[in-house]
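User: I'm in my first year and would like to know how such labels are justified. Could we go through this one step by step?

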Amino acid sequence: MYTIYPPSLDLTLAQSDAKAARFLAIKHPGELASLLKADAAKLAKFVAKPYYQVFSIPKPGGARRIIHNPHSDLKTIQQTLNMYLQCAYYQLKPPCAYGFIPRPTDEPKPRNIFTNAMTHLGSEWVLNLDLKDYFHTVTSRHLTWVFRELFGFPEALANQLLALVSYRGVLPMGAPTSPVLSNLAALPLDADLQSFANLLDALYTRFVDDMTFSLEQQPTPEVIAALRQTVEKHQFTLNETKIRLTAKKDHPEVTGLLLKEPHPDVSEHFLKRLKKDIRLYQKLTERSMMERGIFHANVLDKLRRSIAGQVQFVKFIRGRVERELKVWEWAPG
């Protein structure tokens, strides 16, 4: 479940750049506490032992999604840190990246699920690839590269940041910092895949874990094998069940949108997944489930906002929503 409309940074481009510079200038753990306006002792406590409530929720198809909900104080720290990480990533983001990118208030060309799909409209062939267990395959090794090599932080500061944003060696699904860190960790992968796309005279975009290549000539099995090898080189894994090659005449789908003229349209698959999310929310908020207190209120609120955002997106694309979705027809707050 990802947000259809990326949230605003509530900063101008200039303010975002200034925050990125301030973040990248810190050198010591004490400076990080000051930057985050956090109590140094509390910060040290979470560095030594980060606390997460771990549980799972059902996914379509019967599998389960592991959620790591951070302690409220840790989440507050991560939310502040997330703003600085987002500002730093905004300066580095490659042309191919479209997901998890909040927009500055004066950004004229926001990146989102719609603009991602529009990039591929009109191409003769569309190849869809998916990264398997994306967050949980972003490991301490990826994050150490981000903090030590990409940002150039000294070891003590990098280790402190690593402890604040990871859990048992991977990105925790539920931490505010995980989305932007997944983008930062994917920078080398994006660079290699973009170079490969250039060789093929293809277009490449990535929306979170959904990677799309569009071409004028049908790609061969050797092309897909080479893409798989590139992904694995960066310690990620393709979801083999989601590899899909579609011709233009069959209306390819990109992140839930059908590539149809004059603009992409919501697919039946997208609507089916949205309705499954609604049924899941209704199940989790039944009285018997609420009394058991299994799911944190923040998790339910996140799901509710995701559903509302997707319904608003359907209305944006189609100009209307089905009757059964109208109860959700309000802007996510």
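User: What makes R206 and D190 a salt bridge?

Analyst: This is a predicted model, so every value is computed from its atoms. The closest N and O atoms of R206 and D190 are 2.9 Å apart. The cut-off is within 4 Å. R206 and D190 therefore count as a salt bridge.

User: Which parts does the pair tie together?

Analyst: R206 sits in strand β4, residues 203-207, and D190 in helix α9, residues 187-200. The pair therefore links parts that are 16 residues apart in sequence.

User: Are R206 and D190 buried or exposed?

Analyst: Both R206 and D190 are buried. That label needs under 20% relative accessible area.

User: Why is D301 called partly exposed?

Analyst: D301 has a relative accessible area of 25%. Buried means under 20% and exposed means over 50%. D301 falls in between, so partly exposed is the right label.

User: And what about R304 and R305? Why are they called partly exposed?

Analyst: Use those cut-offs again. R304 has a relative accessible area of 23%. R305 stands at 32%. Both values lie between 20% and 50%, so both residues count as partly exposed.

User: How do you know that D301 forms salt bridges with R304 and R305?

Analyst: Check each N to O distance. For D301 and R304 it is 2.1 Å. For D301 and R305 it is 2.7 Å. Both are within 4 Å, so both pairs qualify.

User: Where do D301 and R304 lie?

Analyst: Both lie in helix α13, residues 297-318. They are three residues apart, about one turn of the helix. D301 and R305 are four residues apart in helix α13, and about one helical turn separates them as well.

User: Which residues do shared salt-bridge partners join into one network?

Analyst: D265, E268 and R318. The structure holds 10 salt bridges.

User: What is the secondary structure of the chain?

Analyst: It comes to 13 helices and nine strands.

User: Why is the chain called as compact as a globular protein of its length?

Analyst: Its radius of gyration is 20 Å. The globule rule gives 20 Å for 333 residues. The two values are close, so the chain is as compact as a globular protein of that length.

User: How many of the residues are buried?

Analyst: Buried residues make up 50% of the 333 in the chain.

Terms used
Residues numbered from 1 in each chain as written. Predicted model: local features only at pLDDT ≥ 70, side-chain atom pairs only at ≥ 80, totals over all residues. Heavy atoms only, no water. Helix = DSSP H or I, 4+ residues; strand = E, 2+ residues; numbered from the N terminus. Rg over C-alpha atoms; globule rule 2.2 N^0.38 Å. Buried < 20%, exposed > 50% of the residue type's maximum accessible area, 1.4 Å probe, protein only. Salt bridge = Lys/Arg side-chain N within 4 Å of Asp/Glu carboxyl O.
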